[in-house]
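Here are some notes to go with the model, for anyone opening it for the first time. They go from the whole chain down to single residues.

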Amino acid sequence: MRETPEELDKLQSLLDSSLSGSTAHLRSIVEGSTITAAQLTGVLTGMCTLALSTVTAKGEPRISGADGHFLHGRWHFGTSRNAAKARHLATRPAASVAHMRGEDLGVFTHGTVEELNPEDAETTADWQELLACLKDFYGDDVAFDWNREVVYYRLNPHWMTAYAPDLDKLTGT
């Protein structure tokens with residue numbers, strides 16, 4: 001968990017406003033089974049497989065997998081610079097991600113991505129911190145160039161909900 005108290009407050013506000021603005025149908029499913037921002041960041045550690053949804057130039061939805069890392073209350077993920085999803089996100093940065101662990105956890109997020117390590121521009125101020133986390137997880141001896149071959153994104157969410165009917169099952173307590 002790398003979130004500051006301010007980041008946890010922001011994430012909790014997002015979770016609360018997203019749920020309160022959701023349809024009655026969604027609320028009927030998740031109310032009573034949601035978790036707090038602090039609980040969520042405690043569960044979303046390491047690499048979390050994401051289902052990433054982008055849109056083609058023709059407006060057709062596309063879904064693919066991505067390694068997700070939940071840091072500072074937001075999803076971070078990468079792909080090859082020549083992947084279709086990279087082309088989609090370069091021109092249409094709206095995206096949705098889902099992370100599910102069977103029926104035990106569902107985290108659904110909609111937002112806009114920002115590129116963290118552009119090939120032809122300055123990286124974001126926090127790129128080196130994220131890169132250190134990635135190298136710590138994947139190792140520093142990967143067979144690709146982190147800055148040239150892989151593009152990383154941060155999903156800045158405008159909507160997020162988390163469903164976890166039995167938190168103890170997720171945390172092993």
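1. Let's begin with what is tucked away: of the 173 residues in the protein chain, 41% count as buried. Keep in mind while reading that this is a predicted model. The accessible surface adds up to about 9200 Å², and carbon and sulfur atoms hold 51% of that.

2. Now the parts list. The protein chain has 6 helices and 6 strands. Going from the N terminus, the order of elements is α-α-α-β-β-β-α-β-β-α-β-α. The radius of gyration is 16 Å, close to the 16 Å from the globule rule for 173 residues, so the chain is as compact as a globular protein of that length. If you want a feel for the dimensions, the C-alpha trace spans about 45 × 40 × 30 Å along its principal axes.

3. How do the strands come together? They make a closed barrel of 6 strands, in the order E1-E2-E3-E6-E5-E4, with antiparallel pairing. On average, neighbouring strands of this sheet are turned by 40° against each other, ignoring direction.

4. Strand E6 is a good one to follow around the barrel. With E3 (residues 74–80), E6 pairs in the antiparallel sense over 6 bridges, and there serine 80 stands opposite valine 150 of E6. With E5, E6 also runs antiparallel, joined by 10 bridges; in this case histidine 110 faces tryptophan 159 in E6.

5. Next, take E4 (residues 94–101) and E5 (residues 105–115): they run antiparallel and are joined by 8 bridges. Alanine 94 has threonine 112 in E5 as its bridge partner. The two strands form a hairpin with 3 residues between them, and glycine 102 in the turn has a positive phi of about 55°.

6. On to the inside. Nonpolar side chains in soluble globular proteins tend to be buried together. Here the largest nonpolar core has 30 residues, and the members touching the most others are Leu11, Leu40, Leu44, Trp75, Phe77, Val107 and Met160. Strand E6 (residues 150–163) gives this core its largest share, 5 residues. Apart from it there is another core, of 10 residues, including Leu71, Leu116, Leu131 and Trp146.

7. Which residues does leucine 40 touch, leaving out those up to four places away in sequence? The list is Leu11, Leu15, Ile35, Phe70, Val107, Met160 and Ala162. That makes leucine 40 a handy residue to click on, as it is also among the core members that touch the most others.

8. A word on sequence distance. Take contacts in the protein chain between residues at least 6 apart in sequence: 68% of them join residues at least 24 apart. For a pair to look at, try glycine 21 and tryptophan 159, which are 138 residues apart in sequence, while their C-alpha atoms are 9.3 Å apart in space.

9. Is glycine 21 buried or exposed? Its relative accessibility is 64%, and the cut-off for exposed is over 50%, so glycine 21 counts as exposed. You'll find glycine 21 in the loop between H1 and helix H2 (24–30).

Methods: Residues are numbered from 1 along each chain as its sequence is written. This is a predicted model: local features need pLDDT of at least 70, side-chain atom pairs count only at pLDDT 80 or more; totals for chains, interfaces and linings use all residues. Side-chain values use heavy atoms; hydrogens and water are left out. A nonpolar core is a set of buried Ala, Val, Leu, Ile, Met, Phe, Trp, Tyr and Cys residues joined through side-chain atoms within 4.5 Å. Buried means under 20% relative accessible area, exposed over 50%, partly exposed in between (1.4 Å probe, protein chains only). Helices (H or I, at least four residues) and strands (E, at least two) are DSSP runs, numbered from the N terminus. Contact means heavy atoms within 4.5 Å. Two strands pair if DSSP finds at least two bridges between them. Axes are lines fitted to C-alpha atoms, for helices over the stretch in contact, and angles run from 0 to 180 degrees between N-to-C directions. The radius of gyration is taken over C-alpha atoms; the globule rule is 2.2 Å times the number of residues to the power 0.38. Accessible areas come from the Shrake-Rupley method with a 1.4 Å probe; for residues, only the protein chains shown count as cover.
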